[in-house]
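Have your viewer open and your selection tool ready. We will go from one stop to the next, starting with the ligand.

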Amino acid sequence: MKDSIDDIKAILALRPKIAVLTGAGISAESGVPTFRGSDGYWKGKSAEDLASMQGFSQDPHGVWEWYNLRRQKLKDIKPNPGHDALVRLEELASSFTLVTQNVDRLHQQAGSGQVLELHGSIWPVRCMDCDYQEDRFQVDLPAEPRCPDCKGWLRPGVVWFGEALPFGIMEKADHAVRMADLFFIIGTSAVVWPAAGLAWTAREAGAKVVEINLEETPATEVAHISLLGKSGEILPQLL
Ligand code: OAD
């Protein structure tokens, strides 16, 4: 690992263009549960069961209970050294784009500048029947939150399985990745597309691809360097 870290440090000394994709693993050391680890199931349901229109239609109460639990967990949670290291990495780069699948806003809390939230954020709510939407930082929402305007169901401002990503966001991410000299893929199981595809795009476009994860993932096959371990421990070593 030391040789690999020295290689990355040598590239960083040249003020490269950097693009980063993060997933739930980068927030794990802050205490945010990941989606597919041992703590990934809730009442026997998977992320796919819960974070989907179908799941919501079948059991809106249960889906809100799950999101409320996640909102409560996030309330007292702080960014960890992995998030902090990405803020410092941004200062070393000649251009820097942080693409995240996370909806916890911990990158912004740490001080990262422009963050592309591919899957939205857990804090906004929007009405399923009318145009009403707002940020609600209150954690203990009722399990049946209703729109104050039309009494329709409110839903979290996250992107669910089968839904389109926010307009134009993937194009911005794709552009940044194609321009990058160095691409980091951190703390993601790399199974949810189109986010995971950015690793293949980066490799094809000529970036040096570095993966940081506790374990190998489908993206390991395109990584030039695979650093196995905790992002909160490995990322600070690069600086
Ligand atoms: P996953 O839960 O699928 O994967 C988390 C990854 O983080 C795993 O590969 C772990 O090995 C790794 N990991 C855990 N702790 C780590 C640590 N301390 N340091 C480094 N790596 C660590 O989460 P995502 O890949 O983010 O989408 O999941 C992708 C999407 O699926 C999410 O955005 C969400 C989910 O359903 C939606 O809700 C639409």
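Select the ligand and everything around it: 24 residues surround it, the closest being F35, R36, T188, S189 and N213. A residue belongs to this shell if one of its heavy atoms lies within 4 Å of the ligand. Before you go on, note that this is a predicted model, where local features need pLDDT of at least 70, side-chain atom pairs count only at pLDDT 80 or more, and totals for chains, interfaces and linings use all residues. Residues are numbered from 1 along each chain as its sequence is written, and side-chain values use heavy atoms, with hydrogens and water left out.

Now colour the shell by class: you will find nine nonpolar, eleven polar and four charged residues, with Gly counted among the polar ones.

Next, pick H119. A side-chain N or O atom of H119 is 2.7 Å from an oxygen atom of the ligand. Move to G187, where a backbone N or O atom lies 3.1 Å from a ligand oxygen. Then select S231: a backbone N or O atom there is 2.9 Å from a nitrogen atom of the ligand. Taken alone, the ligand exposes 800 Å², and the protein buries 94% of that (Shrake-Rupley method, 1.4 Å probe).

Leave the ligand now for the salt bridges (a side-chain nitrogen of Lys or Arg within 4 Å of a carboxyl oxygen of Asp or Glu). The structure holds ten of them. Select R105 and E117, whose closest N and O atoms are 3.4 Å apart. Finish at D76 and K75, which form a salt bridge at 3.8 Å, N to O. Are these two partners buried or exposed? D76 is exposed (over 50% relative accessible area, 1.4 Å probe, protein chains only), at 58%, and K75 is exposed at 51%.

Definitions and conventions:
Polar contact = N/O pair within 3.5 Å; in protein donor to acceptor, adjacent residues only side chain to side chain. Buried < 20%, exposed > 50% of the residue type's maximum accessible area, 1.4 Å probe, protein only.
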